[in-house]
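Grab a coffee and open the model viewer. Below are some short exercises, each followed by a worked solution.

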Amino acid sequence: MLSKEEILIQEYEDLLDSQADISFTAKELARLLKAYKRSYKQLNKIIKISDKQQDELKEISENLNAKTHKVRSLLDNAEQGFLSFGDDFIIDDEYSKECERLLGTNLEGKDISDVLYTNDETKKHFLKEALLNVVNEKDELIKDAMLSLLPKEVIVNRRAIKVDYKVLNNKTYMIVLTNITKEKILEKKIAKEQEILKMIVIIVSEPTQFYELKDDFEKFSKNKRVFISLNLSAKENLSELYRDIHTFKGSFSQLRMQNCVKELHNLETKLSTVSTRENLINQDLVDILDTSDTDEWLKKDLYVIKEILGIEFFDKQHKIEVDDKFIFNIEDKITYLLQADNQHINTYEDILNEINRARGTTLNHALSIYPKLCQEIASSQEKNLMEFKVVGGEDILTPIHFKPFIKSLIHLFRNAIDHGVEDLETRLILKKNEYASITCNIENNKNNFKIIIEDDGAGIDIEKLKLKVFRANVYTEFELLNMSEAALFELVFIDNLSTNDSITRLSGRGIGMGAVKAEIEKLSGEIEIQSIVGEGSKFILKVPTSTYGNLINIASNNRDNITIEYILSPVVNRATTYLQSDMKINIKNKAEFSYALIDDIQIKEYCSYIHISGLVDVSVCISYDQFLLDKLLNEFNHGHPINDSEVVEYRESISKEVINIIVGNALFNPYDKTVLEITTPCIIKHDELITHNFQQNIAHVVIDTEYGEMQILVGKF
C-alpha cells in the first residue's frame with residue numbers, strides 16, 4: 001500500500017502527463033513540499049546507512065583478505081601441500097604452493113588419481129572406489145577405518161610423499177601432502193649402516209669362517225671355467241653349478257655380505273633363464289660365467305670391511321698353511337714308531353691327537369654358527385624362534401674335506417625356518433607356542449655319528465610335494481602312488497624342485513636340499529627324514545664310523561686301507577644314486593663288497609678307468625654287463641637308433657662318460673684341486689690292470705641291477 005506522500009506524488013505526475021491546466025492550491029503545494037522533504041530526509045538516512053555498511057563491509061573484506069593472506073602464507077610455508085577436490089575427483093583451484101612443488105604446476109582441473117598415480121590404472125581405480133565408499137558411509141567408526149586403509153605413501157616425481165585424507169561435510173575431500181623423501185633416504189641409510197654393522201660384528205666374531213669363504217670365492221673367481229666340465233652335458237654342469245652358487249650365496253648371506261648375495265642371486269636367475277633351453281650347450285654356461293665379474297662383487301664387500309676394520313684385519317689371519325701331504329708324512333712316521341716302540345705308545349697317540357686337533361676343528365664348533373643364523377633368518381621373516389645351541393660333538397674332529405658338507409647344512413637350517421616354522425598368527429591359531437623350536441643334536445657311537453636337526457613347524461606336505469614332482473614330469477602318477485613314505489620324503493632332494501611358490505634370497509629355486517644330499521654322499525653318509533604335517537620335521541644325517549674313523553684317526557696300521565675306503569664308499573654311494581635316481585634303474589640287492597687280488601677279478605668287456613692323485617694315489621675302474629651298458633646308452637641317446645658299425649664306439653664313449661659322472665660327483669672338490677685331481681677317463685682291458693704289489697688286494701664291489709651288473713674296482717693298479 002502507498003503512503004500519502006506517494007499517492008500525492010502519483011497524482012502530481014498524472015496531472016503533468018495529462019497536459020491539462022495545472023492549478024494547485026497553496027495548501028496542496030505545502031503538502032507536496034512537506035512530502036518531498038520527508039522523502040529527502042529518509043533518502044539521506046538510507047544513504048548514510050548504506051555508506052556506513054559499505055565502510056563496514058570494506059573493513060570486513062580487508063580483515064578477511066588479511067586473514068586469508070596470513071592463512072595462505074602459513075600454508076605456503078608449512079612445507080606441506082593442501083588441496084581439495086569433489087566427488088568428481090577434479091582438483092579445486094585453491095591449493096598451497098607446496099602442492100606444485102610436490103606434484104607439479106597447474107593442478108586445478110586435473111584428476112587427483114592421475115596426479116598421484118600417473119601410469120597405474122589399478123591404483124587409480126582403487127583410490128576412487130575407496131574414497132566414494134568412504135564419503136557414502138554413515139558410520140563414523142567405519143569411515144575412519146576405511147580411511148586408514150587408503151595408501152599412506154606415494155612416489156611422485158621421484159619424491160616420497162606421505163598422504164593424509166580428510167572428508168568434508170559437502171562431499172568434498174581434502175588431502176595433506178608431506179614430503180618424506182629425506183626421512184626415507186635417512187631410514188635407508190640407517191638400515192644400510194645397521195646391515196654393515198651386523199656384517200662387521202659377525203665377521204669379527206667368526207673370522208675363520210670369513211677367511212675361508214673369501215679364499216674359496218677367490219679361487220672360484222679365478223678358476224670359474226673349472227666348473228664347466230667338457231666331459232659332462234650342459235644340463236649336468238648347470239645342476240652342479242647351481243648347487244655351488246646357491247651354497248656360496250647362503251654362506252655370504254650368513255655373513256651379511258649383501259653385495260655378493262645380491263649378485264649371486266642375479267647369477268642364479270640368469271642360469272635359471274637358460275636352463276629351459278632345449279639346445280643348451282656348455283659354451284652358454286661359460287659365457288655367463290665369463291660375463292660375471294665375480295672378483296668385483298667380492299671387492300665391493302671387502303672394501304667396506306677394510307674401511308672399518310683396516311687392512312691389518314686381512315694381514316692377521318692367524319693361519320699357518322702347511323701342505324696336507326707334509327702332515328700325512330709326519331703321521332706315517334709317528335705311526336711307524338708307534339708300531340715299533342710299544343713302551344711309548346701313549347705318547348705317540350697323544351702326538352697324533354694333537355696333530356689331528358691342529359688340522360681340524362670339532363664338529364660342535366663347526367656347527368655353532370647356525371643357531372645365530374637361524375635367529376637372524378627368523379627375525380627377517382618376523383617369526384619367533386627360541387634360542388638354541390648345538391648339543392654334542394665336542395669330541396668329534398672334522399677334517400678339511402668336511403667343509404663343503406658343513407657349509408651345505410645352511411640349506412637345511414634355512415628350509416627349517418622358511419618352509420617349516422609358521423608365522424606367529426598361524427602358530428597361535430594352531431595353539432602352538434608362539435616361539436618355534438629348532439634343535440641340533442650330535443650323537444657319536446660305534447657305527448656312525450649323527451647330526452639330528454629337528455623343528456616343530458608345519459612338517460612336509462607330501463601331497464603338495466607329489467603334485468610338484470608330477471607337474472615337473474619327474475615321476476608318473478602311478479609311480480608316486482606306489483612309493484613308500486620314505487621314498488616320498490626323498491623327493492625333497494630333487495634339484496630345481498621347491499615347495500615354495502616364490503623365489504627369494506633365502507630359497508625357492510629347489511637347489512639347496514640336493515646340495516646337502518650330494519655332500520653327505522661324498523662322505524658315504526645318508527639322510528633320513530621323519531615328518532608329520534602340522535607337528536614338524538626331523539632330519540637325521542649319518543656318517544659311518546668306518547669312513548669317519550679312517551679319515552680322522554690316522555693311527556692305522558695300513559695307509560692303503562685309508563685311501564681305498566676314502567675313495568670307495570662315496571663312489572659306490574654315488575653310483576647307486578646315479579643308477580636309481582638319475583637313470584631310473586632298479587637295484588636288486590645291496591652292493592656286495594670284497595677284497596681280491598687283481599688276477600682273481602674278471603672284469604666285463606667294457607671297462608673304463610680313472611686315476612686319482614693329490615692326497616691319495618689310487619685308481620678306479622667301472623665295468624658293465626653289455627645289457628646294462630646298452631640301457632645307459634639308450635638313455636643318453638634318447639632312444640635314437642645307432643648304426644651297427646658305430647655301436648662299439650658309442651659303448652666305449654658311454655662307459656667313459658658314466659665313470660666321469662660318478663667319480664666326478666663323488667669326489668671332485670672345485671675349491672682346491674690340490675686335494676684330489678682326477679684324470680680323463682679311458683678304456684682299459686684286463687691284461688692292462690697291473691698292481692704295484694703282486695699280493696696287493698683290490699676293493700671289489702658288485703651292484704646288481706635289473707639290467708645286469710656294474711662292477712667297481714678301487715686300489716693301486
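**Exercise 1.** Work out how helix α7 and α12 pack: what is the angle, and how far apart are the axes?

*Solution.* Start with the geometry: α7 (residues 181-205) meets α12 at an angle of about 75 degrees, and their axes are 11 Å apart. Axes here are lines fitted to C-alpha atoms, for helices over the stretch in contact, with angles from 0 to 180 degrees between N-to-C directions. Now put a name to that angle: under 35 degrees counts as roughly parallel, over 145 as roughly antiparallel, 65 to 115 as roughly perpendicular and the rest as oblique. So α7 and α12 are roughly perpendicular to each other. Helices are DSSP runs of H or I with at least four residues, strands are runs of E with at least two, and both are numbered from the N terminus.

Next, list who touches whom, where contact means heavy atoms within 4.5 Å. From α7 come Ile-196, Met-199, Ile-200, Ile-203 and Val-204, and they meet Val-304, Ile-305, Ile-308 and Leu-309 of α12. Sorted by class, that contact has nine nonpolar, no polar and no charged residues. (Ala, Val, Leu, Ile, Met, Phe, Trp, Tyr, Cys and Pro count as nonpolar, Asp, Glu, Lys and Arg as charged, and the others, Gly among them, as polar.)

A word on the source: this is a predicted model, in which local features need pLDDT of at least 70 and side-chain atom pairs count only at pLDDT 80 or more, while totals for chains, interfaces and linings use all residues. Residues are numbered from 1 along each chain as its sequence is written, and side-chain values use heavy atoms, with hydrogens and water left out.

**Exercise 2.** Do the same for α10 and α12: at what angle do their axes cross?

*Solution.* The two axes come within 8 Å and cross at roughly 160 degrees. That makes α10 and α12 roughly antiparallel to each other. In the contact, Gln-258, Asn-259, Cys-260, Glu-263, Leu-264 and Leu-267 of α10 meet Trp-297, Leu-298, Lys-300 and Asp-301 of α12. Those residues split into five nonpolar, two polar and three charged.

Then step back to α10 itself, which runs over residues 258-274. Its buried residues (under 20% relative accessible area; exposed is over 50%, partly exposed in between, with a 1.4 Å probe and protein chains only) include Val-261, His-265, Leu-271 and Val-274. The buried residues of α10 pack against α12 (294-309) and also α8 (207-222), α9 (234-254) and α11 (282-290).

**Exercise 3.** Find Arg-158 and Lys-431: what sign does phi have in Arg-158, and where is Lys-431 found?

*Solution.* First, the background: most residues other than glycine have a negative phi. Arg-158 is not a glycine, yet its phi is positive, about 65 degrees. Look for Arg-158 in the loop between β2 (153-156) and β3 (159-167); Arg-158 is exposed, at 81% relative accessible area. Lys-431 also has a positive phi, near 60 degrees. Lys-431 is in the loop between α19 (424-429) and β8 (438-444), and is exposed too, at 78%.

**Exercise 4.** Now try Ile-601: is Ile-601 buried or exposed, and which residues does Ile-601 touch?

*Solution.* Begin in the loop between β12 (592-597) and β13 (606-614), where Ile-601 is found. Ile-601 is buried, with a relative accessible area of 2%. Leaving out residues up to four places away in sequence, Ile-601 touches Ala-596, His-686, Ile-698, His-700, Gln-711 and Leu-713. Finally, check the C-alpha atoms of Ile-601 and Leu-713: they are separated by 9.2 Å, although the two residues are 112 residues apart along the chain.

Terms used:
The expected span of a helix is 1.5 Å times one less than its number of residues.
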